[in-house]
Amino acid sequence: DVIPAVEVAHARFRERVGLKATAEAATQALENRKIIDRAKGKLMDEQSISEQAAFRFLQRSAMSSRTSMPEVARAVLDGVTTYEAS
């Protein structure tokens, strides 16, 4: 009786760990999206550009600096990165 109970408990533990990792990844993805959306909004307001142009700026800046879009978005929000039309 003990061995099956331990196996079930172990399987539930692995499942719970997997669910926690999934939840953490989803939370981080949502936070990244919020930061990117705020940076797009700031660029759109301050530079009078479209949402698509703001997104392209963030995307291209991330690629050229070899950083992530959320990092570039944080820099925009902090006033470190400025918009330059390409």
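# Exercises on a three-helix chain

The chain carries 13 positive and 12 negative side chains, and the centres of these two sets lie 2 Å apart. The model is predicted.

## Exercise 1: The fold and its spread

Task: Find how many helices and strands the chain has. Then decide whether the chain is spread out or compact, using the radius of gyration and the globule rule.

Solution.
- Step 1. Count the elements. The chain has 3 helices and 0 strands.
- Step 2. Read them along the sequence. The pattern is α-α-α.
- Step 3. Compare the radii. The radius of gyration is 21 Å, and the globule rule gives 12 Å for 86 residues. The value is well over the rule, so the chain is more spread out than a compact globule.
- Step 4. Look at the box. Along the principal axes, the C-alpha atoms fill roughly 70 × 25 × 20 Å.
- Step 5. Turn to burial and surface. Of the 86 residues, 21% count as buried. The accessible surface is about 6,500 Å², and carbon and sulfur atoms hold 55% of it.

## Exercise 2: Checking helix lengths

Task: Work out what span helix α2 should have at 1.5 Å a residue, and compare it with the distance between its end C-alpha atoms. Do the same for α1.

Solution.
- Step 1. Take α2, residues 51-65. The helix has 15 residues.
- Step 2. Use 1.5 Å times one less than the number of residues. For α2 this gives 21 Å.
- Step 3. Compare. The end C-alpha atoms of α2 are 21 Å apart, which agrees.
- Step 4. Take α1. With 46 residues, α1 is expected to span 68 Å. From first C-alpha to last, α1 reaches 67 Å, close to that value.
- Step 5. See what follows each helix. After α1 comes Ser48, with a positive phi near 50 degrees. After α2 comes Arg66, with a positive phi near 55 degrees.

## Exercise 3: How the helices pack

Task: List the buried residues of α1 and of α2. Which helices do they pack against?

Solution.
- Step 1. In α1, the buried residues are Ile35, Ile36, Ala39, Lys40 and Leu43. They pack against α2 and α3.
- Step 2. In α2, the buried residues are Ala53, Ala54, Phe57, Leu58, Ser61 and Ala62. They pack against α1 (2-47) and α3 (69-78).
- Step 3. Check the sequence range of contacts. Among contacts with a separation of 6 or more, 49% join residues 24 or more positions apart.

## Exercise 4: Three residues, one from each helix

Task: Decide whether Leu58, Ala73 and Lys40 are buried or exposed. Then find their contacts, leaving aside residues up to four places away in sequence.

Solution.
- Step 1. Recall the cut-off: buried means under 20% relative accessible area.
- Step 2. Leu58 lies in α2. Its relative accessible area is 0%, so Leu58 is buried. Leu58 touches Ile36, Ala39, Lys40, Leu43, Met69, Val72, Ala73 and Val76.
- Step 3. Ala73 lies in α3. Its relative accessible area is also 0%, so Ala73 is buried. Its contacts are Ile35, Ile36, Ala39 and Leu58.
- Step 4. Lys40 lies in α1. Its relative accessible area is 10%, so Lys40 is buried. Lys40 touches Glu51, Ala54, Phe55 and Leu58.
- Step 5. Set sequence beside space, C-alpha to C-alpha. Ala73 and Arg38 are 35 residues apart in sequence and 7.9 Å apart in space. Leu58 and Lys20 are 38 residues apart in sequence and 30 Å apart in space.

Methods
Residues numbered from 1 in each chain as written. Predicted model: local features only at pLDDT ≥ 70, side-chain atom pairs only at ≥ 80, totals over all residues. Heavy atoms only, no water. Helix = DSSP H or I, 4+ residues; strand = E, 2+ residues; numbered from the N terminus. Buried < 20%, exposed > 50% of the residue type's maximum accessible area, 1.4 Å probe, protein only. Contact = heavy atoms within 4.5 Å. Rg over C-alpha atoms; globule rule 2.2 N^0.38 Å. Areas by Shrake-Rupley, 256 points an atom, 1.4 Å probe, with all protein chains shown as cover. Lys, Arg positive; Asp, Glu negative; His and termini not counted. Charge placed at Lys NZ, Arg CZ, Asp CG, Glu CD.
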